[in-house]
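Dear colleague,

I am passing on the structure we spoke of, with some notes on what was found in it. Please look it over before reading further.

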Amino acid sequence: MKNLDRIFRGYGCIDKIACECYNTVMELKRLNSECDEYFSSAMRLYETAFPEIERRDRSDCVAALGMPNFHADCVLDGDEFVGIAFYWESDGFIFLDHFAVAKHLRGSGYGSAVLLILKNKNKQIILEIEPPEADSTAAARKKFYERAGFVFNPNIDHVQLRFRKSDAPCRLKIMSYPAALSVQEYTRFRQYIESHVLHA
């Protein structure tokens, strides 16, 4: 999937997308063990794409692999490692915890394709971003998600779960798909992550 000015069609499985323009299939492959083929590639990207305060230690990532509601998915284009989509799935929504595309492939359409796969699960999707006023990268990230149909929730005062007891509070903003969160929906989300998502 190079230079993706592309049209996608459903591939029958919600974890795959076939491209009409190329003889290739992009898919999400779930990691189940640190012995899995793409684990090292996933961890390298994870550790370079996110600052320490916004990610778990590697040992905690390994521990999370055994939790049934946690998906540590590698984004693959054929056999090529493209990125990661780490998310927690409940009956009613998906919390997209960490999402990144390999640096040399950003801007090629892979990110939008992954979001399409997740949207095809027909669940509400919730994610955290840095405040868009923080810098130009944060502002561009907000615009990317808005182009994908996500809604910015400016009035929600959200603090990321701590990944280490020594971590300082990290205030982030919430984006959601397909609509803004009500107070009740955010409360439900907060209760879920505090009780079901791995944190310090």
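To begin with a turn between strands, Asp91 sits in the loop that joins β5 (80–89) to β6 (93–101). Asp91 counts as exposed, because its relative accessibility is 79% and the cut-off for that class is over 50%. Although Asp91 and Asn69 are 22 residues apart in sequence, their C-alpha atoms are 9.7 Å apart in space.

Please keep in mind that this is a predicted model. The chain has a mean pLDDT of 90, with 88% of its residues at 70 or more. Two stretches call for caution: over residues 1–14 pLDDT stays under 50, and the model has 38 contacts beyond four places in sequence for them, while residues 18–23, where pLDDT also stays under 50, have 16 such contacts.

The other residue to look at is Arg55, which is found in the loop between α1 (39–49) and α2 (58–64). What is the nearest side chain of opposite charge to Arg55, and how far away is it? That side chain is Glu47, 5.1 Å away, and Arg55, although buried, has no salt bridge; the cut-off for one is within 4 Å, so the pair does not qualify. The side chain of Arg55 does, however, reach the backbone oxygen of Phe50, at 2.9 Å. Once neighbours within four places in sequence are left aside, Arg55 is in contact with Tyr46, Glu47, Phe50, His98, Phe163 and Arg164.

With best regards

Conventions:
Residues numbered from 1 in each chain as written. Predicted model: local features only at pLDDT ≥ 70, side-chain atom pairs only at ≥ 80, totals over all residues. Heavy atoms only, no water. pLDDT = per-residue confidence, 0-100. Contact = heavy atoms within 4.5 Å. Helix = DSSP H or I, 4+ residues; strand = E, 2+ residues; numbered from the N terminus. Buried < 20%, exposed > 50% of the residue type's maximum accessible area, 1.4 Å probe, protein only. Lys, Arg positive; Asp, Glu negative; His and termini not counted. Polar contact = N/O pair within 3.5 Å; in protein donor to acceptor, adjacent residues only side chain to side chain.
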